[in-house]
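I opened the notebook for a quick pass over this entry. The plan is to go from domains to overall build, then to surface and charge.

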Amino acid sequence: MSSPIKTVGVIGAGVIGASWTALFLAKGLRVIVTDPAPEAEAKLRDYLEEYCTAVPNATCPPEECLKNYTFVSNIDPYLPTIDLIQENGPERLSIKRQLFAHLDANTPTHTLIASSSSGLPSSQFITECTNNPSRILIAHPFNPPHLVPLVEIVPHPTTSPEVITTARSFYTSLDKDPVIVMQETPGFIANRLQAAVCAEAYSLISRGVVSPEDLGK
């Protein structure tokens, strides 16, 4: 399945951002990456050299992948050329509110803006977005994104249906397996299920129903 999204901006090149970048490059996309952390550029290069070769069903040879991304200290001049932004910043509301307000104000209104947040609903950090917040949603991956196909797509109440459809088509085109979370809830789906299983495991052990060793089997 093809997608009109050809250039992706990746904000934050930690473990999740670097893995997203490897996936995007291996699938033939152009990627603009930014991260303020010291040595982020060198660490990303090392990561891509190792993991671009590991992406299943890659459509771009590894040697070409490294030619298709640009690491920048300031992504603002590139924002008009980006079709989708994958944000991977800290899970702090104050940071996300400031960042998303800036992105919303400085990108073309058609640019899809997705956050990799693992638990914060986007309605909590779009409060200062006044340009076009309807193109913002969560696209929560599972680590590492370049190998694990599941991605939770979590729109906020005013995300447009067209944006949800575009996001689903885009991640499907990357051989991801998107799941639409139809109502915002902290932790989304998989993390809540995992928390419930862990809570029951702790209960079983604490009540002497099973030993930790046997439960681990």
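Domains came up before anything else. I looked up the assignment for the protein chain and found domain 1 at 7–186 and domain 2 at 187–216. I noted that this is a predicted model.

Next I checked the spacing. The C-alpha centres of domain 1 and domain 2 lie 32 Å apart. I then listed the residues in the contact between them: domain 1 gives 14 residues and domain 2 gives six residues.

I turned to secondary structure. I read off seven helices and eight strands for the protein chain. Then I asked how the radius of gyration sits against the globule rule. The computed value is 18 Å, and the rule gives 17 Å for 217 residues, so the protein chain is as compact as a globular protein of that length.

I took the box along the principal axes too. The C-alpha atoms fill roughly 60 × 40 × 35 Å.

Contacts were the next item. I kept pairs with a separation of 6 or more; residues 24 or more positions apart account for 70% of those contacts in the protein chain.

How many of the residues count as buried? I got 45% of the 217 residues in the protein chain.

For the surface, I noted an exposed area of about 10600 Å². Carbon and sulfur atoms supply 56% of that area.

Charge closed the session. I have 15 positive and 22 negative charges on the protein chain. Their mean positions are 2 Å apart.

How values were computed: Residues numbered from 1 in each chain as written. Predicted model: local features only at pLDDT ≥ 70, side-chain atom pairs only at ≥ 80, totals over all residues. Heavy atoms only, no water. Helix = DSSP H or I, 4+ residues; strand = E, 2+ residues; numbered from the N terminus. Rg over C-alpha atoms; globule rule 2.2 N^0.38 Å. Buried < 20%, exposed > 50% of the residue type's maximum accessible area, 1.4 Å probe, protein only. Contact = heavy atoms within 4.5 Å. Areas by Shrake-Rupley, 256 points an atom, 1.4 Å probe, with all protein chains shown as cover. Lys, Arg positive; Asp, Glu negative; His and termini not counted. Charge placed at Lys NZ, Arg CZ, Asp CG, Glu CD. Domains from an automatic or database assignment.
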